[in-house]
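Grab a pencil and open the viewer. Here are a few exercises, each with a worked solution to check yourself against.

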Amino acid sequence: MNKKMIVFTIGKLLTITGLLMFMPVIVSLIYQETEGVYYAILGIIMLALGILISRKAPRKKNIYAREGFAIVALSWLLISLLGAIPFCLTGEIPSYVDAVFETVSGFTTTGSSILSNVEALSHTSLFWRSFTHWVGGMGILVFVIAFIPIASGRSLHILRAEVPGPVVGKLVSKVRLTARILYVIYAIMTVIEIILLLFGGMPLFDCILNAFGTAGTGGFGIKNASIAAYDSAYIDGVITVFMILFGINFNLIYFFILGRIKEVLKSEELRWYLIIIVAAIALITINILPLYDSILSAFRYSSFQVGSIITTTGFVTADYGQWPVFSQVILLSLMFVGACSGSTGGGIKVSRIVIYFKNARNELHKLLHPHSVRAVEFENQPVEDNVIRTIHAYLVVYITIFALSLLILTFLNLDFKSAFSAIASCLNNIGPGLDVVGPVSNFGSLPDVSKIVLTFDMLAGRLELFPMLLLFSPSLWRK
C-alpha cells in the first residue's frame, strides 16, 4: 500500500476543490449575498491544506488497484464532509447530518433532498448545491487527473474505481488525455443545453443550474415543483433529450464526434438502452392516457419521467405517485436498470443487466446440453470469466446492502413502500422515491440514523459498491 501516494493525491484533490469553492463566491458577489464569505473561508482553508499536503511528490508514484480504491473512497468521503460545512455555517441547513446528506446527494448525483423549501436558499448555496452535481457527474478525481499530473500513466486504477460500469478503458493512450477528452465533451454538451434552455425563456441562472443537474444526471431542483414549475413543453423536451444523451456511454459520444458512426450503431448496450426507453414510454403513455387530455400530453410526461428515472436524474414534471400502479412498477424497475456504463448515470447499468440475462440463458442451455461450450458475448466479443465473476459479485453485494438497509429503515418504523423506494432511489442515485419520499415530498422527515444509512447507500451506489466496502477491509491497508 503506497500510503504516501494516497495522501499526495488527496492533497491535490483538496487543492482543486478549494479553488472550486470560489465559484459560489463569484455568484454571491453578483447577487450581493453575504453567504459567499463562508465559501471563501472554507475554500482558502482547503486550498492551503491541499498545497501543504501535496507540496512534495513521493518518490514512488505507483497507483495499483488497492491504491485506486482507497483514493477514490477516501476522497469522496472527505469532499462530502467538507462540502457540507458551508450549508451549516450559513444556517440554511442547520443540522450537519442533513447538510452531509444534501452534499453527498449532490456529489453522487442522486438528487434526494431534505429541503422542503428549496427556493428559500440563497443563490450562492443553490449554485453550490447544483454545481456538486456537475463536478460529481463525471467524477471528482477524473477532473483532478485531467488537469493535474498525478502519476503519469498509472492513474487508470483511479479512473476504473470512479467511472461507473463493469469495464473502463482508455479512449487514447494516456489516461490524463482520456480524462480531458471526457470533461471537454461533458462541458460542451452542458453549454449546448444551457443555450437551448435560454431559447425556451428560462432565466440564465436557472438554465445553468438545471443544465448542471441534467449533465450530472443529478436532478436537484431549484424550484419547489422541480421542472414542473416552468410548465413548458419545450423545456421538458430539451431536458428529456439531454438526460437520455448524458445516460449514454461517453466513449460512444466521442466516437460519434469523430464520425465513427458505424461503431456507435454497433453498440449492443446503446441498442438495449434505447429499446428499454422506447418500450417504457409507450407502455406508460398508454397506461396514463385517461389522466390527461391528449396523447401528446401523456407522451410528454411519460417520456420525461422515463428519461429522468432510467438515467437516474430525478427531475420531476408530474406526481407519478398518483399514476396507476402499472406505471409506478415500470418506473421502479427502471430505477434498478439505470443508464449505460461510462455515463454519468447510476443504477446497475444496462450492460450488466444484458450480461446477466445472457449468462442465465447460457446456463439453461448447459442444463440441456451438458457438454456444450458457449461463451457469453457482449458487444460482439466474448466476455471474460473474471468480468462475469465481478458482475455476479456486484449483484450479491448490491442485494446484501439493499437488504440490510431495508431492515434498518423498517426497524425505524418507515413503511415498506417508502423504505424500499428510498433505498432504491439512493443506492441507484436517482432522487425521489414513493410515498413519504415521493416526488412531491422529501427525505427531511426521516430520522438521522436513516439518513446516515441512505448517505452510505448513495456513496456506495455512485462508486460501484466495492471502494466503500473495501475501506473496512484490513487487507486493503496491509503492505
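**Exercise 1: a set of annotated residues**

UniProt, in an unreviewed entry, lists Thr 109, Thr 110, Gly 218, Thr 312, Thr 313 and Asn 429 under "binding site". (UniProt positions are given in the numbering used here, feature names are shortened, and annotations may be inferred rather than shown by experiment.) Before you start: this is a predicted model, where local features need pLDDT of at least 70 and side-chain atom pairs count only at pLDDT 80 or more, while totals for chains, interfaces and linings use all residues. Residues are numbered from 1 along each chain as its sequence is written, and side-chain values use heavy atoms, with hydrogens and water left out.

Task: find out how the listed residues sit in space.

Solution. Along the sequence they are spread over 321 residues. Now look in space: they cluster, and the largest C-alpha distance is 8.2 Å.

**Exercise 2: two threonines**

Task: are Thr 109 and Thr 313 buried or exposed, and what do they touch?

Solution. Step one, place them. Thr 109 is in the loop between α6 (96-107) and α7 (123-138), and Thr 313 is in the loop between α16 (295-310) and α17 (325-337). (Helices are DSSP runs of H or I, at least four residues, numbered from the N terminus.)

Step two, check accessibility. Buried means under 20% relative accessible area, exposed over 50%, and partly exposed in between, using a 1.4 Å probe and protein chains only. Thr 109 has 1%, so it counts as buried. Thr 313 has 0%, so it is buried.

Step three, list contacts (heavy atoms within 4.5 Å), skipping neighbours up to four places away in sequence. Thr 109 contacts include Gly 218, Thr 312 and Asn 429. For Thr 313, the partners include Thr 110, Gly 218 and Met 243.

**Exercise 3: a pair of helices**

Task: how do α18 and α19 cross?

Solution. Two packed helices are described by the angle between their axes and the distance between the axes. Here the axes of α18 (residues 350-368) and α19 (residues 385-411) come within 11 Å and cross at roughly 105°. (Axes are lines fitted to C-alpha atoms over the stretch in contact, and angles run from 0 to 180 degrees between N-to-C directions.) Angles of 65 to 115 degrees count as roughly perpendicular, and α18 and α19 are therefore roughly perpendicular to each other. Among the residues making the contact are Ile 355 and Tyr 356 of α18 and His 392 and Leu 395 of α19.

Definitions and conventions:
Helices (H or I, at least four residues) and strands (E, at least two) are DSSP runs, numbered from the N terminus. Angles under 35 degrees count as roughly parallel, over 145 as roughly antiparallel, 65 to 115 as roughly perpendicular and the rest as oblique.
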